[in-house]
Each structure stands twice: as C-alpha cells, then as structure tokens.
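User: I'm new to reading protein models. Could you walk me through this one, a small piece at a time?

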Amino acid sequence: MTSKRALSERDICSKYINPALEKAGWNMQTQIREEVSFTDGRIYVKGNLTSRGKRKRADYILYYKPNIPIAIIEAKDNKHSVNAGIQQGLDYARILDIPTVYSSNGDAFYEHDRTCTDGSIEKEIELDNFPSPKVLWERYKAYKGIETEEAERISSQDYFFDGSGRTPRYYQQIAINRSVEAIAKGQPRILLTMATGTGKTYTAFQIIHRLWKSGTKKRILFLADRNALIDQTKRGDFRHFKNKMTVVKQKKIDKSYEIYLALYQGLTNYDEDKDAYREFSPDFFDLIVIDECHRGSAAEDSAWREILRYFKNATHIGLTATPRETDTVSNTEYFGDPLYTYSLKQGIQDGFLAPYKVLRVGLNVDLEGWRPESGKTDKQGLLVEDRIYNRKDFDRSLIIDERTQAVADKVTEFLKKTNRFDKSIIFCSDIDHAQRMRSAIANANSDLVAQNSKYVMQITGDNDEGKRELDNFINPEEDYPVIATTSKLMTTGVDAQTCKLIVLDSNIASMTEFKQIIGRGTRINEEYGKSFFTIMDFRNVTDLFADPDFDGDPVRVKELGSDDEFDSPEDEIKDGSEIVDEDGETIIFDPVIEEPEITDGGEIIGEPRPKYYVNGVNVAVLNERIQYMDGNGKLITGSLRDYTRQKVREQYQSMDDFLSDWNAANKKQAIIDELTEQGIVFENLKEAINKEMDIFDLICHTAFDQPPLTRAERVNNVKKRDYFTQYGEQARRVLEALLDKYADEGIENIEDIKILTVNPFDEIGTPMEIVNIFGGKQQYMMAITGLEQAIYSAA
C-alpha cells in the first residue's frame with residue numbers, strides 16, 4: 001500500500017478531501033469547483049511577441065449557489081503541514097471576497113474564519129467534521145450583513161445562464177453580488193468603478209436580471225449618453241430581456257414595458273413643461289442604472305441629475321471606469337464611495353486587459369514654440385498675431401499645415417514598421433482638426449486609399465458618413481475603415497476590440513478623458529491577434545502617467561528624436577481659463593469667447609473664434625529621451641541603471657549570492673523571469689548600456705560594478721579553451737551552432753529546446769534526432785548546462 005506521504009496533491013484531494021466534503025453534504029457537481037483559474041495571466045510584451053504569466057488558481061472554491069462563493073480550500077501533499085496553504089488561501093479569499101479559508105494535507109482541515117471576533121479565528125478540525133453548506137452560508141450572511149429573510153431571498157437569487165457556458169469573471173461576480181446584497185439591505189445609491197473593457201454592461205445585466213427575476217425591481221431604466229452605447233447594450237447582453245425591453249426613441253413613451261433603454265437626451269427637452277421623462281410618474285421606475293456616470297450625471301446641475309431627482313425614490317446605480325471628482329463635479333458626493341473598484345492596473349495584471357507601449361514624439365514647434373515673422377499673414381490674408389504659439393494653440397487657434405502632415409507621416413511610418421492594416425484611432429483637438437488629419441493620412445497612404453477610400457475615415461459627431469462606418473470600424477471581421485480620425489465621439493463607449501494604435505494629438509488635461517481614451521485599446525481579442533496596443537503621444541498627454549490618480553501600467557515609454565526611426569517589432573525583439581463642457585470634459589478657449597455648440601458626441605460644432613491657417617513652417621521631430629515604467633506602472637524618474645541596481649540588490653545582497661543562484665539554476669531564464677517581475681525590463685537596459693552585452697553581464701555590471709564582456713567576447717573565450725573537443729563531430733556541430741545563437745540572441749533562447757526546430761539545426765536533423773546524438777534528452781540538457789558553465793566561467 002502506498003504511503004500517505006508518497007501521495008501527490010491530487011491524490012490527497014481525491015482520496016481524502018473530496019470524500020470529506022461529500023460526507024458534509026456538499027454537491028460535487030453544483031457546489032464545488034476544483035482547480036479554479038480565476039485570472040488569465042498577465043500578458044508580457046517583447047516587440048510584437050507576447051506571452052502570458054501564471055494564472056492565479058485556487059484548488060477548491062465552494063459555492064452556496066453558482067457564482068455565490070462562500071469558502072476556499074488550498075490543498076497540499078502530506079509532506080506539508082495541515083496549515084501550509086492557509087496564507088495562499090487568505091490571499092485568494094481577499095481577492096475573491098470570500099469569508100472562510102481552509103488548508104488541508106489530507107490529515108485534517110485548518111480553518112481561518114474571517115468573521116470571527118472571539119479569539120478563535122483559526123483552528124484545526126477533523127476531516128469528518130467539515131462544515132455543511134448551511135453552516136458556511138450562515139457565516140457568509142454574517143460576513144455580508146444579510147440579516148432578514150427577505151434580504152437572504154434576494155441575495156441568493158439565481159444568476160442568468162443562457163446555455164453558452166459563459167460565466168462572470170471573478171471581479172464581475174464580486175460587483176454583482178455586492179450590488180444585489182446592498183440593494184437587498186436597502187441601500188439607495190451604488191457606484192461601481194470598473195475599468196474600460198472589463199464588462200460593465202454584462203455586470204449591469206446580471207444585477208438587473210437577478211433583481212428583476214426576484215421581483216425586487218419591476219421596472220428598470222438604463223440611461224446612457226451615446227447612441228452607440230444604447231445600440232451595443234440592446235444587441236449585446238440585454239437582448240435576453242427580449243419583448244420585455246424597449247428603447248425610448250424620439251421622446252415617445254410606451255408604459256407597457258419593464259426594461260427601458262434611453263439616452264438622457266431622449267428624455268429631456270431642457271424645458272420643464274416638455275421633458276419626456278415627466279410622462280412617467282415619479283414612482284414608475286424602481287431601479288435606474290446610469291452608464292458612464294462620470295459624464296452627464298456627475299454635475300449637480302446636469303440634465304441627468306434632473307432625471308435622477310425626479311425618480312428619487314428609485315434605486316440608482318452608477319457605472320463608470322473613471323469617477324469624476326473636481327471642485328464642481330463629483331460622483332462620490334452623489335453615489336457615495338464605490339461599492340467595488342476594479343482598476344485598469346488590476347485588469348492588466350490579471351491578464352483581462354491589454355498592456356501597452358508608449359511612444360512620445362516631440363515636434364520642434366511643440367517643444368520650442370513658433371513665432372511668426374513680422375507682418376506674417378495666414379492663407380486667408382489675416383495678420384497673424386505676433387506672439388509665441390505652442391501646443392495649446394496648435395489646431396485650436398493656429399493651424400500649421402506642415403505640423404498636421406508631420407503627424408500623419410510619423411503615424412504612417414509606424415504602421416509601415418508594424419502592420420498598415422492595424423485598426424488605429426487618432427484623437428484630434430476638434431472636428432476641423434480631425435477632418436484635416438484624415439486628408440493628411442490619406443495623402444501619406446495614397447496607395448491604400450486608392451484601393452479603398454475607406455482606409456481612413458473621419459468619425460465625428462457632425463459627419464454622418466463617418467458615423468455610419470463606426471460599427472464597421474469596431475467589428476473585428478471588417479477590414480475597413482482601418483484608421484479613424486476623431487475628436488470626442490470615440491472617447492467613450494466604443495468597443496474597439498482590435499484597436500492596436502491610439503494616437504494622441506489633442507491637448508487632454510482631464511484625467512477622466514485620458515483614462516477613457518486609453519480604454520479604447522485595452523480590450524483583448526487574441527483570435528484577431530490583439531493582445532497589446534501602442535499609444536503614440538504628440539502632446540505629452542502621457543505625462544498624466546505620473547499623476548498619483550492614474551492606475552495604468554505601460555510596459556514601455558519612449559521619446560523619439562529628429563533622426564530617430566521607430567523600432568520595428570523585429571528590432572525590439574533583437575534588442576532583447578479652463579472650461580468644462582456638458583460632457584464634463586476640459587476644452588481650451590481663448591479669453592472672451594462664445595460658448596461652443598455641443599453635439600451628442602461631446603464634440604464642438606462650429607468655431608466662433610478666429611483661426612489662423614499657415615504653411616511654409618519647418619516642422620521636424622526633436623529630442624530623444626527614453627522613460628521607463630517600474631513594476632507598479634509608475635514612471636522611473638531617476639536613472640534606469642540606479643533602478644535596476646536597487647531591484648537586483650533587493651533580491652541579492654552580494655555578487656556571491658547572485659553567482660550562487662545563477663550557477664545553480666537549471667535554467668537561467670527562471671532568474672531572468674523573476675527579475676522581470678520586479679519591473680526590470682532588460683530590453684530597455686540593453687538599449688541604455690550595450691545591446692551586445694549578455695543579461696548576466698548587464699546584471700553584474702549594473703548592480704555589482706563588475707567589468708562586462710560582450711556576448712562575442714564570451715564566445716571567443718569558450719572557443720579558445722577548446723571546449724568542444726570532448727564531443728563527437730555531430731555533437732560539436734550542434735553545440736557550436738548553439739554558441740553562435742547565444743552570440744546573436746543571448747542565453748534565453750539556447751535553453752529552449754524549440755530552438756532545435758530552426759535553422760541551422762533543421763539541417764542537422766529533427767529535434768528528436770539531435771537530442772539522440774547526445775544519448776537522450778537528459779544528456780542533451782547536461783550538455784547545455786556544461787556549455788553555459790563554459791560561457792560564464794570564461795574570463
């Protein structure tokens with residue numbers, strides 16, 4: 001009979017933990033999930049290649065009902081103590097909002113009760129005494145403050161399942177459960193803050209459906225401020241309401257439905273006697289969900305607030321990616337603190353949102369300013385005011401044709417290095433700027449525009465042709481349009497799953513708008529090759545990364561100089577008076593100007609102030625400065641070398657400590673990965689120090705002041721020592737080719753057996769045949785280890 005201590009963790013689960021759960025009354029099919037991966041694994045980017053990190057995985061999650069988790073169990077093999085998994089379980093319980101945690105090695109259970117206050121928060125219990133579902137449900141209710149039978153009935157209402165197998169992600173589950181529970185306890189206002197691309201609409205649907213099915217809320221209003229948002233909602237998750245749902249159009253009211261979707265503009269006339277929403281009685285709706293509530297409803301005197309005040313007896317739920325907090329505008333003042341927050345940073349770390357690179361491009365007229373010569377007139381014959389013009393002026397009060405074309409040329413240059421059919425959005429200062437940018441992009445890409453005129457489209461509030469193409473732009477299956485030039489229309493609520501390039505050529509001072517724009521690219525669609533995106537910044541908008549309110553996580557920030565070209569993905573791989581408009585967004589005006597006319601899309605139609613249109617100006621790219629992000633997504637303002645030195649020395653106190661780990665590691669890649677997770681980006685360090693230096697030498701030189709060798713120097717030293725004489729001819733040929741690969745690409749690639757599938761190894765034989773030259777896989781890996789020792793012992 002096999003000893004219990006010899007059993008694997010899985011054996012412990014099947015032979016001891018599962019029987020104990022079944023004996024306690026748990027249904028193994030409906031109440032227990034094993035080996036639950038609740039994140040997707042962070043996406044790491046190098047050039048145009050990506051890989052995913054490890055997923056967070058719980059051994060067991062126990063549910064009262066599907067999607068209502070009430071306990072976690074972390075299992076260990078019997079060589080571990082009974083409580084060895086408790087800290088890992090507690091970390092998962094904190095993330096998943098679960099009150100009770102267990103660890104087990106098959107001998108017993110070790111319990112941590114997060115609801116306990118009497119001193120026995122942790123205790124060991126026998127295998128046969130595991131709590132029943134009823135006991136842990138009572139504990140969950142205490143943890144959540146669910147005290148009445150009615151609150152329990154509402155809180156335990158089933159989720160909607162459509163038979164497709166779709167289930168909410170862990171953070172959606174938390175937001176849904178907390179919202180339903182809060183409403184069950186009588187909370188009148190709720191704010192949910194969830195980053196763009198994390199499924200706010202699906203979350204809202206499940207909340208509404210559970211409350212609707214339980215009879216808690218009978219008539220529900222879903223409010224938005226963009227037609228695109230309403231259309232996406234109706235066609236998407238809300239389609240399951242079928243004939244119980246209607247969209248309010250042209251202010252026509254039909255009171256026979258239960259679920260209403262409406263634009264706030266569709267319910268108001270800004271006239272108390274004619275407002276369409278007043279056709280409903282104040283108590284008609286008992287739940288109102290406000291999508292993108294950082295926009296219209298945030299301001300105390302906004303039209304949305306008027307609607308909410310009228311239906312003041314209804315429960316109000318605000319959804320936003322970016323709560324708005326200024327001296328005059330506040331989400332939290334109205335809704336209270338967020339009931340749950342899932343940030344952009346967390347979404348990227350979990351692998352549910354796409355990471356991104358940042359390229360900063362500084363034009364000479366932006367960095368140095370531009371002053372017209374005396375008597376300079378514009379293209380219309382107007383005398384240009386004599387002063388220094390800068391970024392705040394360009395494309396608002398002064399238009400330089402050459403600047404517009406320079407931006408278009410730089411965007412085109414980037415796409416030619418990556419993929420000219422990558423979906424891209426260029427954010428411009430206003431509609432006029434978007435129109436001119438469309439023309440400049442068309443001129444820079446005349447070959448593709450000649451094939452299809454919709455290669456680039458202006459998609460703005462005043463342009464019907466462009467707006468009609470919006471659905472095609474966001475549809476992954478449609479090739480055209482490829483590039484969209486816009487102003488405000490596409491900042492919010494546009495689900496652009498395959499957008500790979502976002503260009504910022506607008507003076508964005510609002511953190512709210514900045515986050516919304518970033519959100520246009522954060523969705524992942526791996527089926528269509530979208531796992532990260534790039535931001536190209538012409539206006540230093542990405543300075544907002546340094547704002548403590550920003551929670552994003554760029555993987556690379558680079559500024560380009562006058563003679564710089566964009567790195568191709570292959571190169572990168574080798575290099576290893578502020579006024580707020582009705583939308584709550586900042587717009588820039590000259591003094592004493594009429595209020596602009598605002599469209600439904602938040603864009604400015606008509607420009608009452610004069611504009612100067614000039615040409616004949618020398619516009620070029622200036623300066624080069626590279627900035628980096630640390631492991632927490634914050635800009636490193638000091639030296640990259642100092643940052644790397646600090647992080648390495650946090651891990652290894654001395655050179656001897658590092659050498660000991662490096663020499664003992666079966667794969668050097670494991671150490672490289674560990675340091676990468678600390679925020680060290682070796683590709684950037686190579687660019688800053690020496691691209692031909694091995695990562696080993698980069699670390700030793702940067703952290704411990706050791707004189708470095710290039711990879712070529714290390715290879716020559718190995719060859720001088722006649723290292724290969726101990727091997728036969730075929731094995732020597734393989735090892736010499738591996739050494740050449742090391743010289744070209746570094747240590748990371750030669751450790752991966754997949755390298756045997758590429759040239760020149762494919763000329764020697766198949767991977768299996770090559771491995772057999774050495775006598776088998778184990779002997780091949782020993783030869784690799786020997787080669788690495790020869791590389792790093794070479795002085």
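User: Let's start with one residue: does Asn-666 count as buried or exposed?

Analyst: First, this is a predicted model, where local features need pLDDT of at least 70 and side-chain atom pairs count only at pLDDT 80 or more, while totals for chains, interfaces and linings use all residues. Residues are numbered from 1 along each chain as its sequence is written, and side-chain values use heavy atoms, leaving out hydrogens and water. Buried means under 20% relative accessible area, exposed over 50%, and partly exposed in between (1.4 Å probe, protein chains only). Asn-666 has 69% relative accessibility, so the label is exposed.

User: Which residues does Asn-666 touch, leaving out those up to four places away in sequence?

Analyst: Asn-666 sits in the loop between helix H20 (655-664) and H21; helices (H or I, at least four residues) and strands (E, at least two) are DSSP runs numbered from the N terminus. Its C-alpha is 9.6 Å from that of Ile-784, although the two are 118 residues apart in sequence. Contact here means heavy atoms within 4.5 Å. Without neighbours up to four places away, Asn-666 touches Glu-751 and Glu-788.

User: Where do the buried residues of H21 fall when seen down its axis?

Analyst: Helix H21 covers residues 668-677, and its buried residues are Lys-668, Ile-671, Ile-672 and Leu-675. Seen down the axis of H21, these residues fall within an arc of 100°, the arc being that of the directions from the helix axis to the C-beta atoms. So the buried residues of H21 line one face of the helix.

User: How many residues of helix H17 are buried?

Analyst: Helix H17 runs over residues 511-518 and is mostly covered. Its buried residues include Met-511, Phe-514 and Ile-517, but also Glu-513 and Lys-515. Out of its eight residues, the buried count is eight.

User: Which element gives the largest share of the largest nonpolar core?

Analyst: A nonpolar core is a set of buried Ala, Val, Leu, Ile, Met, Phe, Trp, Tyr and Cys residues joined through side-chain atoms within 4.5 Å. The largest one has 83 residues, and Leu-21, Trp-26, Leu-62, Phe-109, Phe-130 and Tyr-170 have the most contacts inside it. The largest share of this core is nine residues, and they come from H5.

User: How many residues are in the other core that lies apart from it?

Analyst: In soluble globular proteins, nonpolar side chains tend to be buried together. In this model, another core lies apart from the largest one, with Ile-672, Tyr-723, Ala-731 and Tyr-792 among its members. Ile-672 is also one of the buried residues of H21. The number of residues in this other core is 47.

User: How much space lies in the second largest cavity?

Analyst: On a 1 Å grid over the protein atoms alone, a cavity is a set of points where a 1.4 Å probe fits but cannot get out, and lining residues have an atom within 4 Å of a point. Its lining consists of Pro-69, Leu-96, Asp-97, Tyr-140, Lys-144, Gln-173, Ile-174 and Asn-177. Helix H3 (133-144) and helix H5 (170-184) are the elements that give two or more residues to this lining. The volume, which is the space filled by probe spheres set on the points, is about 40 Å³.

User: Is Asp-395 buried or exposed?

Analyst: Asp-395 is in the loop between H11 and S17. Its phi is near 70°, a positive value in a residue other than glycine. In that loop there is also Asp-393, which counts as buried at 8% relative accessibility. With a relative accessible area of 1%, Asp-395 is buried.

User: And what is the relative accessibility of Lys-242?

Analyst: Lys-242 lies in the loop between helix H7 (227-235) and strand S11 (245-247). Phi of Lys-242 is near 50°, again positive in a residue other than glycine. Lys-242 counts as exposed, because its relative accessibility is 63%.

User: What is omega for the peptide bond from Asn-759 to Pro-760?

Analyst: Pro-760 is placed in the loop between H26 and H27, and Lys-754 is in the loop between these helices too. Elsewhere, the peptide bond from Tyr-480 to Pro-481 is cis, with omega near -5°. The bond from Asn-759 to Pro-760 is also cis, with omega near 5°.

How values were computed: On a 1 Å grid over the protein atoms alone, a cavity is a set of points where a 1.4 Å probe fits but cannot get out, and a pocket is an open set with protein on both sides within 12 Å along at least five of seven lines; lining residues have an atom within 4 Å of a point.
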